[in-house]
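The questions below take a protein model from its overall burial to its aromatic rings, and each answer closes on what was asked.

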Amino acid sequence: MPELRTDRLLLRRWRESDLEPWAAMNADPEVREYLGDLQTREQSDAVAALMQAEFDERGFGWWALEKRATGEFVGRAGLDVVDGTMPFTGVDVGWRLTRSAWGHGYATEAALACLAFGFEVLGLPEILASTTVGNLRSQAVMRRIGMTHDPADDFEDPSVPEGPLRRCVLYRTPAAMRKAYRVT
């Protein structure tokens, strides 16, 4: 599993010590505001195990995020194959951070490293990102990393029950943008 380094972050393999702060994130109503129900420790551990297994199988996926200066776990970022139930296909970039890590530019920094990996190492033709219409912070990150939004691409997430989390926006960045990103 490759590691990615940015000025302030290490994107790395998951460790046993990540499971407790990961579970705390998934039990935090503010972190889960646009993601749906809170998760139990068992659910959170199962997601971490699945993320690691998928990464091992594909060679890409969700990295654990660590502050390089302190070694503190601050969330996850990575690339994932779009679920087959969605009305589009491709590879999606995403992030989820602990509340204490919000507002420091970590999501942008990690997402740029993931885009660089996707374009330079994996040779992807395009990378997507999606979120609920209400998640303005994530949409701002998508714009900061150079992604564009066409309202015609917006969609209803079939995996989400009727309600405010079902309507989503889709952002894109084509491989033609790859020169803007570098793997470090």
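Q: What percentage of the 184 residues in the protein chain is buried?
A: This is a predicted model, in which local features need pLDDT of at least 70 and side-chain atom pairs count only at pLDDT 80 or more, while totals for chains, interfaces and linings use all residues. Residues are numbered from 1 along each chain as its sequence is written, and side-chain values use heavy atoms, with hydrogens and water left out. Taking buried as under 20% relative accessible area, exposed as over 50% and partly exposed as in between, with a 1.4 Å probe and protein chains only, the buried share of the 184 residues is 47%.

Q: How are the planes of Trp14 and Trp22 arranged, edge-to-face or stacked?
A: Rings of Phe, Tyr and Trp (its six-membered ring) pair if their centres lie within 6.5 Å, and planes under 30 degrees apart count as stacked, over 60 as edge-to-face and the rest as tilted. A search of the whole structure finds five aromatic pairs. For Trp14 and Trp22 the centres are 5.1 Å apart and the planes stand at 75°, so the pair is edge-to-face.

Q: Which residues form one aromatic cluster with Trp14?
A: Trp14 and Trp22 are both buried. Trp14 also forms a tilted pair with Phe73, at 5.7 Å centre to centre and 55° between the planes, and Phe73 is buried as well. The cluster that includes Trp14 is completed by Trp22 and Phe73.
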